[in-house]
Amino acid sequence: MSNLLEIDNLKVGFKNSSSQWTNAVDGVSIAVRPGEILGIVGESGCGKSVTMFSVLKLHDQRNTRYAGEIRFEDTELLTVPEKDMRQLRGKDIGFIFQNPMSSLNPLLTIGQQIRETVTSHRKHLPKKEVEALCIKALDDAGADDSAVWMSKYPYQLSGGMLQRVVIAIALVNEPKLLIADEPTTALDVTIQAQLLKVLCHIRDERGMSIVLITHDMGVVAETCDRVAVMYLGQIVETASVDELFANPRHPYTQGLLAATPPMVGKIPERLNTISGSVPQLSEVAKGCRFASRCPFASQECLSGDIPMFDVDEQHQSRCIKFNTIPDFRKVTA
Ligand SMILES: Nc1ncnc2c1ncn2[C@@H]1O[C@H](COP(=O)(O)OP(=O)(O)OP(=O)(O)O)[C@@H](O)[C@H]1O
Ligand code: SF4
Ligand SMILES: [Mg+2]
């Protein structure tokens, strides 16, 4: 089956106040398959949001330059005119932003905001059908009484309920792809778990693909089918979730896993951390971008750009020592 979204060698550059360009995303290639939940994981600032914002061309066009290709079905998005992009945003591709509360208008009821999302794309839909779509979207997002929620203002709902509203707005036009950027980060763990279940339910019920951006390996384990690990503007490892957790083949992925509390059993008193900190984009040197923090780094890692290597057909790693590095969770245990 062909991919729903294909990002090929995407580079996203931003111009700073001294008119210099820096690539925040540098050669990212990812495919999203129909009906899958793909996780994008990595530390803060590694380029997760910039990559997925680019799919909808949400960056300020004056200070941003793109290279590469982003294909959604048969459409090349980087060359699509803005008026066609407006049709795609919120219709074929839904987006849940990192700070969802700010995407609701406090002066309008929930019903007004969901209806407006439908009618902005389908002006001539009969009122009854609009209403039915809104109620179904709220039901699918886990509202306990959708008709009542429709009449409420945002201030009358809790954070968890508002997040369900934001999810309903993102899916009311039945998009083929839903991009969720850290949709549960600001919520407590119980609500977080409920909302992740909602996302899985939506995928099962509607068959849409979901890209879930997170910095949390636990969320990936609970929710995703496949995962792409990002570091400093690049993908460093992709695999199915089961394979990545069982056989991580990039030292950065191993570090993230070693820093994640175990899903079962006793949580150790101290979790391992990855030594050092993420360098600035402007400090990126020749060779492997992870070298300054990597316990296995050697001279050969610094000689040139590191490509992605096939661990197998479904598993890639951007590490020249992918087949010799030990699993350092075992080394540090
Ligand atoms: N509009 C912009 N102009 C200049 N630099 C930007 C812009 N947006 C993002 N960046 C830079 O691009 C890099 C990647 O940012 P991005 O927001 O994608 O990180 P992230 O992985 O989503 O992190 P987080 O987990 O904190 O959300 C960062 O260094 C950030 O400072
Ligand atoms: S290429 Fe070298 S520095 Fe980079 S992750 Fe692999 S071993 Fe570490
Ligand atoms: Mg982000």
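Buried area is the accessible area, taken with a 1.4 Å probe, that two parts lose on being put together, summed over both. In the predicted model described here, domain 1 and domain 2 bury about 1400 Å² between them by this definition. Carbon and sulfur atoms account for 56% of that area.

The domain assignment divides the chain into domain 1, made up of residues 5-92 and 175-332, and domain 2, which covers residues 106-173. The C-alpha centres of domain 1 and domain 2 are 30 Å apart. To the contact, domain 1 contributes 20 residues and domain 2 contributes 13 residues. Of the area that domain 1 buries against domain 2, 32% is supplied by Lys91, Leu195 and Arg206, more than by any other three residues.

A contact between two helices was also examined. Helix α4 (residues 127-140) packs against α7 at an angle of about 130 degrees, and the axes of the two helices are 10 Å apart. Angles of 65 to 115 degrees count as roughly perpendicular and those over 145 as roughly antiparallel, with α4 therefore classed as oblique to α7. On the α4 side, the contact is formed by Lys136, Ala137 and Asp140. These residues meet Val198, His201, Ile202, Glu205 and Arg206 in α7. By residue class, the contact of α4 with α7 comprises 3 nonpolar, 1 polar and 4 charged residues. Arg206 thus appears in the contact of α7 with α4 and among the three residues named for the buried area of domain 1.

The model also contains an open sheet of 8 strands, arranged in the order β6-β7-β8-β3-β9-β10-β12-β11 with mixed pairing. The edges of the sheet are formed by β6 (93-96) and β11 (309-312), each of which pairs on one side only. From one strand to the next, the twist averages 20 degrees. Within the sheet, strands β9 (residues 226-231) and β10 (residues 234-240) run antiparallel and are joined by 6 bridges. Ala228 has Thr238 in β10 as its bridge partner.

Two helices pack on this sheet. Helix α6 (residues 159-171) touches β6 and β7 (177-181), and the direction of α6 makes about 165 degrees with that of β6. Helix α7 (residues 189-206) touches β3 (37-41), β7 and β8 (209-214), and the direction of α7 makes about 160 degrees with that of β8. Strand β7 is therefore touched by α6 as well as by α7. Helix α7 packs both on the sheet and against α4.

Note on methods. Residues numbered from 1 in each chain as written. Chains lettered and ligands numbered in written order. Predicted model: local features only at pLDDT ≥ 70, side-chain atom pairs only at ≥ 80, totals over all residues. Heavy atoms only, no water. Pairing = 2+ DSSP bridges. Helix = DSSP H or I, 4+ residues; strand = E, 2+ residues; numbered from the N terminus. Axes fitted to C-alpha atoms, helices over the stretch in contact; angles between N-to-C directions. Contact = heavy atoms within 4.5 Å. Parallel < 35°, antiparallel > 145°, perpendicular 65-115°, else oblique. Nonpolar A, V, L, I, M, F, W, Y, C, P; charged D, E, K, R; others polar. Domains from an automatic or database assignment.
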